[in-house]
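Please open the model in your viewer and keep the selection panel at hand. The tour below suggests what to select at each stop and says what is found there.

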Amino acid sequence: MNFHVMTLFPDMIMSAASGSILGRAQKSGLINVNAVNIRDYTDERRRGRCDDYPYGGGAGMVMQAQPICDCCDAVRRMIDEEGRSGSSARVIYMTPQGRTFTQAMAAELSREEDLILLCGHYEGIDERALELIGTENVSIGDYVLTGGELPALVMIDCISRLIPGVLGGDESALIETFHDNLLEYPQYTRPEVYKGLHVPEILLSGHHENVEKWRRERSIERTLRYRPDLIGSAVLNKKEMRFLEELKRQLQEETDASGEADISGSKEGFKA
Ligand code: ADE
């Protein structure tokens, strides 16, 4: 998978992508992260400036269409020169106004050969650049960051770990986090007792089936407490459905007893 990041801050992308698992994946040729400086595509007269005042007035500066469009053309040509199709590479514009990035979106994008990620700054990008390029707009969440670089890195990280070989054998299991639309169960490692807190007995039993059942139930419980929005699409067998119904009843009782209005467990959610 080749990530081409169009940005005003290429160092930010290259340094974050050179460490840890992404760095290892790049060294072994499983992914390639290529940051392209939009500033290099400003026309001569502008001497590296790629923003201007917004038509109609208002605060802040807007990134101009020309350097972005020329940069994108250059990236597409680079892809062509490497023997792939630049014109069919999808261009994703990182913006809080986009579709929210999800695990399912990451899985879909991980099947692409090339992805072009466009990072904005200031008050945004001249709309004509987005129109001419035909960007898909993606947000990493309902909050506003200073630029698209961190969101692009979030996407690169999340997509890369889905590419076969990027995670080692042991690490691959972690892909399960949103498996069946459930949150991960709690994990423990040595020692058995830490500051008076014991590892749940069942995990020491060596009884594989019981451990599996316990883990599934904890996943269901966590999802209901912390992400009730996901529980409706969780993939559960009949026994687990009954477990969930019982859990909902218990949670409702707890809520009624504490006089709170909803069972989302948002207070619980911040305990961890
Ligand atoms: N740029 C600024 N904020 C963003 C967000 N939440 N997602 C994607 N791009 C952004």
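What follows is a walk through a predicted model, taken stop by stop.

**The largest pocket**

Begin by selecting Tyr-93, Met-94, Thr-95, Pro-96 and Gln-97, which, of the 25 residues that line the largest pocket, are the closest to its centre. The space in this pocket comes to about 470 Å³. Colour the secondary structure elements next: strand 5, helix 5 (127–133) and strand 7 each contribute at least two residues to the lining, and strand 5 gives the most, with five residues. If the lining is then coloured by residue class, it divides into 12 nonpolar, 11 polar and two charged residues.

Keep Thr-95 in view and add Gly-148, since the C-alpha atoms of these two residues are separated by 6.8 Å although they are 53 residues apart along the chain. Gly-148 belongs to the loop between strand 7 and helix 6. Is Gly-148 buried or exposed? Its relative accessibility is 2%, so Gly-148 counts as buried, the cut-off for that class being under 20%.

**A nonpolar patch on the surface**

Stay with the loop between strand 7 (136–139) and helix 6 (149–160), and select Tyr-143, which is found there. Tyr-143 is partly exposed, with a relative accessible area of 44%, and together with Phe-9, Met-12, Leu-145 and Leu-150 it makes a nonpolar surface patch of about 450 Å². Phe-9 comes to this patch from another part of the chain, the loop between strand 1 (2–7) and helix 1 (10–16), and with a relative accessible area of 36% Phe-9 is likewise classed as partly exposed. For a sense of scale, draw a line from the C-alpha atom of Phe-9 to that of Glu-131: the two residues are 122 residues apart in sequence and 23 Å apart in space.

A second line of this kind can be drawn from Thr-135, in the loop between helix 5 and strand 7, to Arg-46, where a sequence separation of 89 residues goes with 25 Å from C-alpha to C-alpha. Thr-135 has a relative accessible area of 17%, and therefore counts as buried.

**Salt bridges**

Side chains of opposite charge can pair when their charged atoms come close. How many salt bridges does the model contain? The count comes to 17, and three of them are visited here.

Select Arg-90 and Glu-108, whose closest N and O atoms are 2.7 Å apart in a salt bridge. This pair links distant parts of the chain, with Arg-90 in strand 5 (residues 90–100) and Glu-108 in helix 4 (residues 103–109), 18 residues apart. Glu-108 is partly exposed, at 31% relative accessibility.

Move on to Arg-49 and Asp-51, whose side chains meet in a salt bridge at 3.4 Å, N to O. The two partners fall into separate accessibility classes, because Arg-49, at 39%, counts as partly exposed, whereas Asp-51, at 10%, counts as buried.

For the third pair, go to helix 10 (residues 238–258), where Lys-248 and Glu-245 lie three residues apart, about one turn of the helix. The closest N and O atoms of this salt bridge are 3.9 Å apart. Both partners are partly exposed, Lys-248 with a relative accessible area of 31% and Glu-245 with 47%. Returning from here to Arg-90 and Glu-108, add Glu-112 and Glu-136 to the selection, and a single network appears, in which salt bridges that share partners join these four residues.

**Backbone features**

Most residues other than glycine have a negative phi, and most peptide bonds are trans. The last stops therefore deserve a look at the backbone, against that general background.

Select Arg-190 and Pro-191, which are joined by a cis peptide bond with an omega of about 5°; Pro-191 lies in the loop between helix 7 (169–172) and strand 8 (193–194). Continue to Lys-195, in the loop between strand 8 and strand 9 (197–198), where phi is positive at about 45° although the residue is not a glycine. Lys-195 counts as exposed, at 71% relative accessibility.

Finish at Tyr-122, another residue that is not a glycine and yet has a positive phi, here of about 55°. Tyr-122 sits in the loop between strand 6 (114–119) and helix 5, and is partly exposed, with a relative accessible area of 40%.

Terms used. Residues numbered from 1 in each chain as written. Predicted model: local features only at pLDDT ≥ 70, side-chain atom pairs only at ≥ 80, totals over all residues. Heavy atoms only, no water. Patch = residues over 30% accessible without salt bridge, like charges linked within 9 Å, V, L, I, M, F, W, Y side chains within 5 Å. Areas by Shrake-Rupley, 256 points an atom, 1.4 Å probe, with all protein chains shown as cover. Helix = DSSP H or I, 4+ residues; strand = E, 2+ residues; numbered from the N terminus. Buried < 20%, exposed > 50% of the residue type's maximum accessible area, 1.4 Å probe, protein only. 1 Å grid on protein atoms, 1.4 Å probe; cavity = no way out; pocket = protein on both sides within 12 Å on 5 of 7 lines; lining within 4 Å. Points joined across faces, edges and corners; volume = space filled by probe spheres on them. Nonpolar A, V, L, I, M, F, W, Y, C, P; charged D, E, K, R; others polar.
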